[in-house]
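This report walks through a single protein chain for someone who has not met it before. It begins with the chain as a whole and then turns to one strand and a few single residues.

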Amino acid sequence: MYEEKIMNLTAVNESSLPTQGKPNISFPHGLFSFNITGLTPWQKVTVKITYPSNVSNTTQYWKFGPTQSNSTSHWYQMVVGSDDGDNVITINITDGGLGDHDLTANGVIADPGGIANTFICGDANGNGQVNLADIVYLVNYVFKGGPAPVPLAAGDVYKNGQVNLADIV
């Protein structure tokens, strides 16, 4: 008889992962990694993740690592199960399959990832469009102490990790 256990739950610094190939996503609760042990090889598990606040019903779960179709580490999206706007989501991971970072059916699932929200780069005010209103929003943020774009990367048009005058002009 196997006893499944979640172990080694740790935060993953997003800046430690490559930005090349990363879609326009932000991680409102950061990224984390965990291992599930005590599985039979190829066992499928449903992981229930509870967040401190409600998450959008359009939330996505993203990972950086290899997949069976591409052994080079890359950004990819996992299907989210329960995603009804509360603070709980579920994801299905199979030992040795999609979502298992080591792609080996060895009774252990390694899972670095996190929930993400998509955004449009340049849509500083978050209304789903890029227009003059976004420039005004950025001017207010950069020069007048107005609210920051959410996520901040939506206002980082030059993708240099900061929002400043260069993003406005």
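Of the 169 residues in the protein chain, buried residues make up 38%. The model is a predicted one, and its pLDDT averages 88 over the protein chain, with 98% of the residues scoring at least 70. Confidence is lowest in β1, where the mean is 84, and highest in helix α1 (residues 132-144), where the mean is 95.

**The chain as a whole**

The secondary structure of the protein chain amounts to 2 helices and 8 strands, and reading from the N terminus the elements follow the order β-β-β-β-β-β-β-β-α-α. Taken along the principal axes, the C-alpha atoms fill a box of roughly 60 × 35 × 25 Å. When contacts between residues at least 6 apart in sequence are considered, 60% of them join residues at least 24 apart.

The protein chain exposes about 9300 Å², and carbon and sulfur atoms supply 54% of that area. The chain carries 7 positive and 14 negative charges, and the mean positions of these two sets lie 2 Å apart.

**Strand β3 and its partners**

How many of the residues of strand β3 (residues 31-37) are buried? The strand is mostly covered, with 7 of its 7 residues buried. In a regular strand the side chains alternate between the two faces of the sheet. In β3, Leu31, Ser33, Asn35 and Thr37 point one way, while Phe32, Phe34 and Ile36 point the other way, and all of these residues are buried.

Strand β3 pairs with strand β1 (residues 5-12) and is also joined by bridges to strand β8 (residues 109-118). The table sets out these two pairings, each with one pair of residues that stand opposite each other.

| Partner of β3 | Sense | Bridges | Residues standing opposite |
|---|---|---|---|
| β1 (residues 5-12) | antiparallel | 6 bridges | Thr10 and Ser33 |
| β8 (residues 109-118) | antiparallel | 5 bridges | Phe32 and Gly113 |

Within this strand, Ile36 deserves a separate look. Ile36 has its place in strand β3, and because its relative accessible area is 5%, which falls under the 20% limit, this residue counts as buried. Ile36 and Asp111 are 75 residues apart in sequence, yet their C-alpha atoms are 8.2 Å apart in space.

**Two loop residues with positive phi**

Two residues outside the strands can be taken together. Trp42, which is found in the loop between β3 and β4 (44-50), has a phi near 70°, a positive value in a residue other than glycine. Leu103, found in the loop between β7 (88-94) and β8, likewise has a positive phi, about 55°, although it is not a glycine.

Are these two residues buried or exposed? Trp42 has a relative accessibility of 53%, and because exposed means over 50%, Trp42 counts as exposed. Leu103 has a relative accessible area of 25%, which lies between the 20% and 50% limits, so Leu103 is partly exposed.

Seen together, these details place Ile36 in strand β3 as a buried residue at 5% relative accessible area, whereas Trp42 in the loop between β3 and β4 is exposed at 53%.

Note on methods: Residues are numbered from 1 along each chain as its sequence is written. This is a predicted model: local features need pLDDT of at least 70, side-chain atom pairs count only at pLDDT 80 or more; totals for chains, interfaces and linings use all residues. Side-chain values use heavy atoms; hydrogens and water are left out. Buried means under 20% relative accessible area, exposed over 50%, partly exposed in between (1.4 Å probe, protein chains only). Helices (H or I, at least four residues) and strands (E, at least two) are DSSP runs, numbered from the N terminus. Two strands pair if DSSP finds at least two bridges between them. Contact means heavy atoms within 4.5 Å. Accessible areas come from the Shrake-Rupley method with a 1.4 Å probe; for residues, only the protein chains shown count as cover. Lys and Arg count as positive and Asp and Glu as negative; His and the chain ends are not counted. The place of a charge is taken as NZ of Lys, CZ of Arg, CG of Asp or CD of Glu. pLDDT is the predictor's confidence in each residue, from 0 to 100.
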